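Colleague: Please take a close look at one part of this model and walk me through it slowly. I would like the reasons set beside the descriptions, in plain terms.

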Amino acid sequence: MGSETLKLPVIDFSNLKKQTEAWESAKTLIRQALEEYGSFEATFDHIPLHLQKSVLDGLKQLFDLPLETKLRNVSDRPYHGYVGHYPGYPLYESLGIEDVLSPGKIDIFTNLMWPQGNLSFSKSVQSYTEQLSELDKIVREMVLESLGLEKYVDEHMKSTNYVVRVQKYDKPQTHEPQPGLIPHTDKNIVTILQQLNHVPGLEFFTKDGKNWINAEPTSLYSFTVVVGTSFHAWTNGRLHSPLHRVMMNGDEARYSIGLFSIPKPGIIIKAPEEMVDEEHPLLYKAYDHHKFIEFFYSEAGVTSPDALKDYCGI
């Protein structure tokens with residue numbers, strides 16, 4: 001099952017305004033894309049090219065720091081801190097900034113990496129994540145509206161924090177494609193990814209389990225939106241949470257950045273009653289997202305073919 005010529009749907013967010021025909025049309029396209037693919041490409045020109053370049057330059061500086069410096073990026077939550085060159089994905093290296101939009105969080109991370117300071121990095125990442133979080137909010141609001149769940153929008157938005165992960169994939173040491181990141185599903189609400197340089201590699205497994213889709217961006221303002229299993233569960237399975245991976249080829253490293261909307265500690269994932277009916281019986285019991293994450297990284301969770309179903313499936 002190789003990568004095919006299938007493409008993710010492309011949806012333009014550049015000039016969307018509420019209560020317009022374009023907004024209503026985009027809502028339908030988003031829901032269809034997330035039901036069928038669990039992902040789509042968003043065209044979003046609110047993040048200018050000079051800001052994208054500044055973030056890319058900052059990432060290159062960051063990943064060039066000594067390993068002992070990057071190891072200062074620690075967290076008590078799996079994959080929220082530094083991850084580097086693990087078995088199964090030796091080309092992959094990443095760092096995380098938790099609760100990224102809270103005042104001072106980016107400065108704390110920056111000063112941890114550069115005790116002498118790096119104002120350019122702080123400012124560019126702050127501006128970038130603020131803008132990208134607006135795209136996340138628009139997507140989630142449109143999804144809820146399309147499902148007839150408007151009354152839950154405020155509650156839903158307030159239930160999440162953001163984590164940003166910056167990622168580097170080294171060039172493979174062979175002439176054959178090598179895994180940059182093994183196939184996985186995200187466990188959060190929504191992930192928004194951007195390939196910051198011109199090196200592709202992100203792929204999605206089709207819902208029918210037959211093909212991999214290359215998610216190569218079609219423009220410099222392209223972002224890939226991905227449904228996490230928490231949103232899949234909260235919508236009682238309406239939205240698909242897709243397997244995806246990164247495959248590396250060629251002789252250049254790949255840089256990307258991801259914004260992850262994540263349930264706050266103590267938040268219970270429970271499908272609204274409007275999502276449950278005879279045609280859509282309840283799939284999962286209500287569960288604490290962070291306790292599920294603990295299970296997922298336990299021996300039972302790691303070896304399970306469907307950890308969410310084993311943890312709280314009906």
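Modeller: A helix here is a DSSP run of H or I that is at least four residues long, and helices are numbered from the N terminus. The model is a predicted one. I will start with helix H1, which covers residues 21-36, and with its salt bridges.

Side chains of opposite charge can pair when their charged atoms come close. In helix H1, Glu35 and Arg31 are four residues apart, so about one helical turn separates them. An α-helix has 3.6 residues a turn, so residues three or four places apart point the same way. Glu35 and Arg31 do form a salt bridge, and their closest N and O atoms are 2.8 Å apart. How buried or exposed are the two partners? Glu35 has a relative accessibility of 23% and counts as partly exposed. Arg31, at 28%, is also partly exposed.

Helix H1 holds another pair of this kind, Glu24 and Lys27, which are three residues apart and therefore separated by about one helical turn. They form a salt bridge with 3.1 Å between the closest N and O atoms. Their surroundings can be read from the accessibility. Glu24 is partly exposed at 39% relative accessibility, whereas Lys27 is buried, with a relative accessible area of 11%. The cut-off matters for that last label: buried means under 20% relative accessible area, so 11% qualifies.

Which residues are linked with Glu24 and Lys27 in a network of salt bridges? The network takes in Glu145 as well as Glu24 and Lys27. Residue 145 falls in helix H5, which runs over residues 119-146.

Helix H5 also contains Ser124. Ser124 is buried, with a relative accessible area of 5%. Leaving out residues up to four places away in sequence, Ser124 touches Leu51, Ser54 and Val55. Those three positions lie in helix H2, residues 49-63.

Helix H5 and helix H2 are both among the elements that the buried residues of helix H4 pack against. The others are helix H3 (67-70) and strand S5 (89-97). Helix H4 spans residues 105-113, and its buried residues are Ile106, Phe109, Thr110 and Met113. Seen down the axis of H4, these buried residues fall within an arc of 100°, so they line one face of the helix.

For the salt bridges as a whole, a search of the entire structure finds eleven. One of the salt bridges joins the side chains of Lys168 and Asp170, with 3.6 Å from N to O. Here Lys168 is buried, with a relative accessible area of 13%, and Asp170 is partly exposed at 22%.

Lys168 and Asp170 fall inside residues 160-263, a span that an unreviewed UniProt entry annotates as "domain: Fe2OG dioxygenase". In the model, that span is 6% helix and 49% strand, and its end C-alpha atoms lie 4 Å apart.

To return to the pairs in helix H1: Glu35 and Arg31 are both partly exposed, while in the other pair Glu24 is partly exposed and Lys27 is buried.

Conventions. Residues numbered from 1 in each chain as written. Predicted model: local features only at pLDDT ≥ 70, side-chain atom pairs only at ≥ 80, totals over all residues. Heavy atoms only, no water. Salt bridge = Lys/Arg side-chain N within 4 Å of Asp/Glu carboxyl O. Helix = DSSP H or I, 4+ residues; strand = E, 2+ residues; numbered from the N terminus. Buried < 20%, exposed > 50% of the residue type's maximum accessible area, 1.4 Å probe, protein only. Contact = heavy atoms within 4.5 Å. Arc of directions from axis to C-beta. UniProt positions renumbered as here; feature names shortened; annotations may be inferred.
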